[in-house]
Amino acid sequence: MFQENASANCLNIVTTSTEDGTFQKKGHGARVLSPEEAEKLTKDQVLVSEFKQLKLEKEAQKNWDLFYKRNSTNFFKDRHWTTREFQELKACRKFADEKLTILEAGCGVGNCLFPLLEEDLNIFAYACDFSPRAVEYVKKNALYNTERCKVFQCDLTKDDLLDNIPANSVDVVTLIFVLSAIHPDKMHLVLRNIYKVLKPGKCVLFRDYGLYDHAMLRFKSGSKLGENFYVRQDGTRSYFFTEEFLSQLFKAEGYEQVVNEYVQRETVNRKEDLRVPRVFLQSKFQKPFSET
């Protein structure tokens with residue numbers, strides 16, 4: 001079922017519903033908080049101490065490595081929705097069986113990488129992750145084939161991608177639930193790094209947590225690091241993006257905005273009458289054809 005929503009702050013939103021009780025709509029209007037939710041966020045203004053914040057930054061890699069040690073390859077589901085949500089993975093080809101070179105920046109244990117390689121035999125993928133343990137899980141996967149992909153450990157904020165990928169050689173970069181784990185002050189370094197390996201005229205496909213997502217509202221008092229930035233109990237961190245912040249971030253590094261919008265989903269548990277609001281930001285930014 002499709003329904004057009006033309007409310008004052010959410011123009012041109014297409015709402016879809018599915019049999020599993022999931023509703024999704026896309027548009028430029030941020031989610032409106034309930035009075036209770038707004039009050040909770042207003043009261044939660046105490047920030048984690050500077051000492052602890054510096055410790056979290058210093059131990060970021062260790063915390064993600066421990067995350068994968070605890071959860072192995074079982075935490076995230078395989079992302080078979082990538083080609084559905086990002087038509088660019090097919091549309092950017094000049095002909096159907098054209099070879100496509102992609103970079104999955106922040107590949108985790110391959111939940112997005114391997115479904116893509118299975119679905120499209122004409123993809124060669126570079127893939128990197130902050131966590132050495134995650135990279136090892138990718139290499140041990142039965143689907144890992146060095147003729148079709150190259151995986152390597154990389155801190156995108158400081159390790160030069162040119163050490164593993166030729167300049168201007170990548171057709172598509174996927175940046176899916178990665179940038180939110182990085183300190184906001186260092187996010188621009190990731191985009192600058194990616195820019196060097198992306199072909200002119202080609203795109204970064206982005207999807208990550210949006211402002212007022214259910215995960216943001218679940219944080220307890222004492223978890224706040226800064227505006228829209230929180231720490232989980234395991235020491236990993238998460239930022240929740242606004243449309244405006246992301247747009248400015250990419251444009252400051254020379255990218256052109258193609259699409260940048262909120263995806264709002266509501267999962268309904270009818271037996272318990274429970275509604276869980278999920279908010280993501282889904283975007284596409286392009287490297288210009290010519291430098292100015």
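**Figure 1. The low-confidence start of the chain.** In this predicted model, residues 1–21 keep a pLDDT under 50 throughout. The model nevertheless gives this stretch 42 contacts beyond four places in sequence. Strand β1, covering residues 2–7, has the lowest mean pLDDT among the elements of the protein, at 29. A word of caution for this view: where pLDDT is low, the predicted coordinates should not be read in detail. For the protein as a whole, pLDDT averages 84, and 82% of the residues score at least 70.

**Figure 2. The largest nonpolar core and the helix α8.** Here we look into a core of 40 residues. The residues with the most contacts inside this core are Leu103, Leu161, Leu175, Leu179, Ile194, Phe250 and Tyr255. Elements giving two or more residues to the core include the strands β4 (100–105), β5 (123–129) and β7 (170–176), along with the helix α10. Which element supplies the largest share? That is α8, with six residues. Helix α8 also has the highest mean pLDDT among the elements, 98.

**Figure 3. Leucine 161 and its neighbours.** Let's zoom in on one of the residues with the most contacts inside the largest core, Leu161. Leaving aside residues up to four places away in sequence, leucine 161 touches Leu103, Cys128, Phe152, Cys154, Leu156, Asn193, Ile194 and Val197. Two of these partners, Leu103 and Ile194, are themselves listed with the most contacts inside the core.

**Figure 4. A second core.** Separate from the largest core is another one, made of 20 residues. Among them are Cys112, Val138, Val172 and Cys203.

**Figure 5. The two sides of helix α10.** Buried residues in α10 are Glu243, Leu246, Ser247, Leu249 and Phe250. Looking down the helix axis, you will find the buried residues of α10 within an arc of 160°, so they line one face of the helix. On the other side of α10, Gln248 and Ala252 are exposed. A handy reminder for this view: an α-helix has 3.6 residues a turn, so residues three or four places apart point the same way.

**Figure 6. Glycine 254, after the end of α10.** Glycine 254 sits in the loop that links α10 (243–252) to β12 (256–269). The phi of glycine 254 is positive, near 100°. Is this glycine buried, partly exposed or exposed? Glycine 254 counts as partly exposed because its relative accessibility is 31%. Beyond residues up to four places away in sequence, glycine 254 touches Tyr195 and Pro288. Glutamine 286 lies 32 residues away along the chain, with 8.9 Å between its C-alpha atom and that of glycine 254.

Technical notes: Residues are numbered from 1 along each chain as its sequence is written. This is a predicted model: local features need pLDDT of at least 70, side-chain atom pairs count only at pLDDT 80 or more; totals for chains, interfaces and linings use all residues. Side-chain values use heavy atoms; hydrogens and water are left out. Helices (H or I, at least four residues) and strands (E, at least two) are DSSP runs, numbered from the N terminus. Buried means under 20% relative accessible area, exposed over 50%, partly exposed in between (1.4 Å probe, protein chains only). Contact means heavy atoms within 4.5 Å. A nonpolar core is a set of buried Ala, Val, Leu, Ile, Met, Phe, Trp, Tyr and Cys residues joined through side-chain atoms within 4.5 Å. The arc is that of the directions from the helix axis to the C-beta atoms. pLDDT is the predictor's confidence in each residue, from 0 to 100.
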